[in-house]
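Trainee: I'm new to this one. Could you take me through a close look at a single part, the largest pocket, and what surrounds it?

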Amino acid sequence: MKDFQSSSEAVSQSRWMQKIYPCCRESNMPAYVLGSTQQNQWRVSPEVVDTLRPTRQSRSATLETRNRSVIIDLNRSALVVVDMQNDFCHPDGWLGNLGVDINPARAPISPLQQLLPTLREADVPIIWLNWGNRPDKLNLSPALLHVYNPQGDGIGLGDPLPISGAPVLEAGSWAAAVVDELKPSEDDIHVNKYRMSGFQDTELDSILRNLDVTTLLFAGVNVDQCVLCTLQDANFRGYDCLLLEDCSATTSPDYCRDATLYNVQQCFGFVVNSTEILHQLKAD
């Protein structure tokens, strides 16, 4: 709740209420705003509760998918960047220590470097959806731990890395941080996840509802695992889903990526390219 009595906005907000509601004019009571975003707010006073949300003008973009065009509203869209973290994308991270070739996971860095500033300038929210475990691992089940440490004697979730000593994908650690090449802006949004789906047991859905977002652009790694699981859950919740093919990658075999792109286009949304979005925004 923002208290307009404590700021210069009190006068303008009070005038707004007085213009709309005579009772506020008579009582001369300041208004209060309830809500964390401009897209989802109430305005209240002792006499009036205004639940009207502001009407926003659409800003359409037409993108080419694999078989036809799709039109989206950029004013109700957000970019979800999944797991572009040191443990997945840095040579000294978790996968690098396990001997995995992390070069494919770094492929989205360059196109995202081009896309992110343009989206921020266009006021499209950027959401960093990163794996971030609790230090005590109380949010991790044995079944989940087993996926990444099947014999029990390897380097699994929360275990220290040999070189840096950082605990694998622990929230707040170097291991879980976004790679330096994609330094987030202070206005970007951060959400920690603890499963392959970013909707499971997180606040992601609540944040998107407050932002009045209906369309999600997906990027990151691994496209056949965490990106896909999150995109599927978004589709199940009614969001319009677009996978940015050039901003997504995987360290899995090529057939995993190919199957993912096919299934997204066939069942869960659309496969597009970030360069088309850049072209649309620069043409505005």
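Mentor: Sure, and one definition before we start: Ala, Val, Leu, Ile, Met, Phe, Trp, Tyr, Cys and Pro count as nonpolar, Asp, Glu, Lys and Arg as charged, and the others, Gly among them, as polar. Keep in mind that this is a predicted model.

Now to the pocket itself. The largest pocket holds about 310 Å³ of space. It is lined by 15 residues, and Q39, D123, V124, P125 and D187 are the ones closest to its centre. Sort that lining by type and you get six nonpolar, four polar and five charged residues.

Let's stay with D123 for a moment. You'll find D123 in the loop between α6 (109–121) and β8 (126–131). Its backbone is a bit unusual: D123 isn't a glycine, yet its phi is positive, about 65°. Most residues other than glycine have a negative phi. D123 also counts as exposed, because its relative accessibility is 66% and the cut-off for exposed is over 50%.

D212 makes a handy comparison. D212, not a glycine either, has a positive phi of about 60°, and it sits in the loop between α8 (204–210) and β10. With 26% relative accessibility, D212 counts as partly exposed.

For contrast, look at the second largest pocket, with a volume of about 220 Å³. Among its 14 lining residues, F88, W94, L95, Y148 and Q225 are closest to the centre. Its lining divides into ten nonpolar, three polar and one charged.

Definitions and conventions
Residues are numbered from 1 along each chain as its sequence is written. This is a predicted model: local features need pLDDT of at least 70, side-chain atom pairs count only at pLDDT 80 or more; totals for chains, interfaces and linings use all residues. Side-chain values use heavy atoms; hydrogens and water are left out. Helices (H or I, at least four residues) and strands (E, at least two) are DSSP runs, numbered from the N terminus. Buried means under 20% relative accessible area, exposed over 50%, partly exposed in between (1.4 Å probe, protein chains only). On a 1 Å grid over the protein atoms alone, a cavity is a set of points where a 1.4 Å probe fits but cannot get out, and a pocket is an open set with protein on both sides within 12 Å along at least five of seven lines; lining residues have an atom within 4 Å of a point. Grid points are joined across faces, edges and corners, and a volume is the space filled by probe spheres set on the points.
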